[in-house]
Amino acid sequence: MSVNPPVLYTPQVESFEEDEQKTVSELNETFDVILTKTAEDYGHAVRSVHAKAHGILEGTMAVRSGLPPELSQGLFAKPGTYKILMRISTNAGDILPDAISLPRGLAIKVIDVPGARLPDAAGTTQDFVMVNGPVFQAKTSKKFLGSLKMLAKTTDRMEGTKEVLSDVLQSVNTALEAVGVSSPTVQSLGGAPDSDPLGETYYSVTPFRYGDYIAKFSIRPVSRELTELTGKEIDTKDQPDAIRDTVRAEMQHLTGEWEFCVQLCRDLKKQPIEDPTTQWDETDAPFVAVATIRAEPQDSWSEANVLKVDEQMRFSVWTGLAAHEPLGNINRARKATYEHSAKFRERFNRCPIHEPSS
């Protein structure tokens, strides 16, 4: 089946709301509630979202040769191999036992990437931040603010109640999926299945500039050792760190390979820029692999990497090349809020956050 040619990027593909800065200020105030509460309880500041990590992996990203012109853009303009760091996480802003089931995240930091940088993007890295679902739970940052305020009220409270709620929501989500309905709202509230994160497919959810074009990104497992883990549920009962322990045991012996894929926007109506709750249909806009990610057997929870990555680094969609500028209302709101969270961690922990170099 033929598909439309990709849409050329112009600044006009974005539309701005009048009160975006006011919403960002309120987001930062709400994140402060989460950051302050968790820092006081733990005696240590953690991320305002995706606070709990399940694994830190070192690997490589090999950009493929022979890509067509529309895919030879930005980081992927030339074949080459880069060192990368990957952080597997859960999306809550507090450190919860794994029985409280929430969506998983995968953040990637590509090291020593040449090219013109985004404004205020420190270092020479390119970050990709993804989750194991293709859509975001809120259309705009203002709607996300409402959900965040609700979550802030439950931060570090009623842990047992959260666990019971998670069990109920998992049953609801299973029932929805059985009739062909997937609910990101239910999943974001604790109804995501406790599946092995190494077998998951991850999505950028929001769109980005892709050089001359516009795209979303995805990472999918391709090596047999990973695909055998797809859909495999982890027993988290009475094991608060079961996912971390499982990933650590698996990475001692397996070699992981993933494809990094690009989904070019080909119709602004079918693939909207300002609505991340709309999934871009792969029939109209297929994902195409542009690079291979590889992680050799390793200790995925080594003390050195936990300190280096979990404590001394941050991941942000605004850390990277101008050729991969984040697009849309949700992405615009992420710039100041990610910076705000990182600065809080720096101050409270008295530990500078920096970008790595090989």
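A residue counts as exposed when its relative accessible area is over 50%, and as buried when that figure is under 20%. With 54%, Pro 79 is therefore on the exposed side. This is a predicted model, and Pro 79 makes a handy way into it. The residue sits in the loop between E1 and E2. Its C-alpha atom is 4.7 Å from that of Val 63, although the two are 16 residues apart along the chain. Leaving out residues up to four places away in sequence, Pro 79 touches Val 63, Arg 64 and Ser 65.

Stepping back to the whole chain, there are 8 helices and 9 strands. Of the 358 residues, 55% count as buried. The accessible surface comes to about 15,700 Å², and carbon and sulfur atoms account for 53% of it. As for how the chain folds back on itself, take the contacts between residues at least 6 apart in sequence: 79% of them join residues at least 24 apart.

In soluble globular proteins, nonpolar side chains tend to be buried together. Here, the largest nonpolar core has 59 residues, and Phe 76, Leu 198 and Phe 260 are the ones with the most contacts inside it. A second core, separate from that one, has 21 residues, including Phe 136, Phe 144, Cys 261 and Ala 289.

Phe 76 is worth a longer look. Like Pro 79, Phe 76 belongs to the loop between strand E1 and strand E2, but Phe 76 is buried, because its relative accessible area is 1%. Beyond its neighbours within four places in sequence, Phe 76 is in contact with Met 61, Val 63, Leu 67, Leu 71, Phe 128, Tyr 210, Phe 260, Val 290, Ala 291 and His 324. Val 63 thus turns up again, as a residue that Pro 79 also touches.

The aromatic side of the picture comes to 11 ring pairs. One of them joins Phe 76 and Phe 260, whose ring centres are 5.2 Å apart with 25° between the planes. That angle makes the pair stacked, because planes under 30 degrees apart count as such. Phe 76 lies in the loop and Phe 260 in strand E8 (residues 256–264), so to speak two distant parts of the chain, 184 residues apart, linked by one pair. Phe 260 is buried too, because its relative accessibility is 0%. Ring pairs also tie these two residues into a cluster with Phe 128, Phe 208, Tyr 210 and Phe 217.

Two arginines sit over aromatic rings as well. Arg 244 lies over the face of Trp 301, at 4.0 Å from the ring centre. Arg 332 is placed over the face of Phe 16, also at 4.0 Å from the ring centre.

Next come the helices. In H7 (residues 303–311), the buried residues include Asn 305, Val 306, Val 309 and Asp 310. Viewed down the helix axis, the buried residues of H7 fall within an arc of 100°, so they line one face. The face turned away from that side carries Glu 303 and Ala 304, both exposed. E1, E2 and helix H8 (329–349) are among the elements that cover the buried residues of H7. H8 itself holds Lys 335. This lysine counts as buried because its relative accessibility, 19%, is under the 20% cut-off. Not counting residues up to four places away in sequence, Lys 335 touches Pro 119, Asp 120 and Trp 318.

A few loop positions round things off. Asn 91 is in the loop between E2 and strand E3 (104–110), and is partly exposed at 21% relative accessible area. Its C-alpha lies 6.1 Å from that of Pro 103, which is 12 residues away in sequence. Pro 103 is also one of the residues Asn 91 touches beyond four places in sequence, along with Val 49, His 50 and Leu 102.

Two other loop residues have a positive phi without being glycine. For Asp 112, phi is near 60°. Asp 112 is placed in the loop between E3 and strand E4 (126–131), and is partly exposed at 30% relative accessibility. For Val 205, phi is about 70°. Val 205 lies in the loop between strand E5 (202–203) and strand E6 (208–210), and counts as buried, at 5% relative accessibility.

Definitions and conventions
Residues are numbered from 1 along each chain as its sequence is written. This is a predicted model: local features need pLDDT of at least 70, side-chain atom pairs count only at pLDDT 80 or more; totals for chains, interfaces and linings use all residues. Side-chain values use heavy atoms; hydrogens and water are left out. Rings of Phe, Tyr and Trp (its six-membered ring) pair if their centres lie within 6.5 Å; planes under 30 degrees apart count as stacked, over 60 as edge-to-face and the rest as tilted. Helices (H or I, at least four residues) and strands (E, at least two) are DSSP runs, numbered from the N terminus. Buried means under 20% relative accessible area, exposed over 50%, partly exposed in between (1.4 Å probe, protein chains only). A charge sits over a ring if NZ of Lys or CZ of Arg is within 6 Å of the ring centre and within 35 degrees of the ring normal. A nonpolar core is a set of buried Ala, Val, Leu, Ile, Met, Phe, Trp, Tyr and Cys residues joined through side-chain atoms within 4.5 Å. Contact means heavy atoms within 4.5 Å. Accessible areas come from the Shrake-Rupley method with a 1.4 Å probe; for residues, only the protein chains shown count as cover. The arc is that of the directions from the helix axis to the C-beta atoms.
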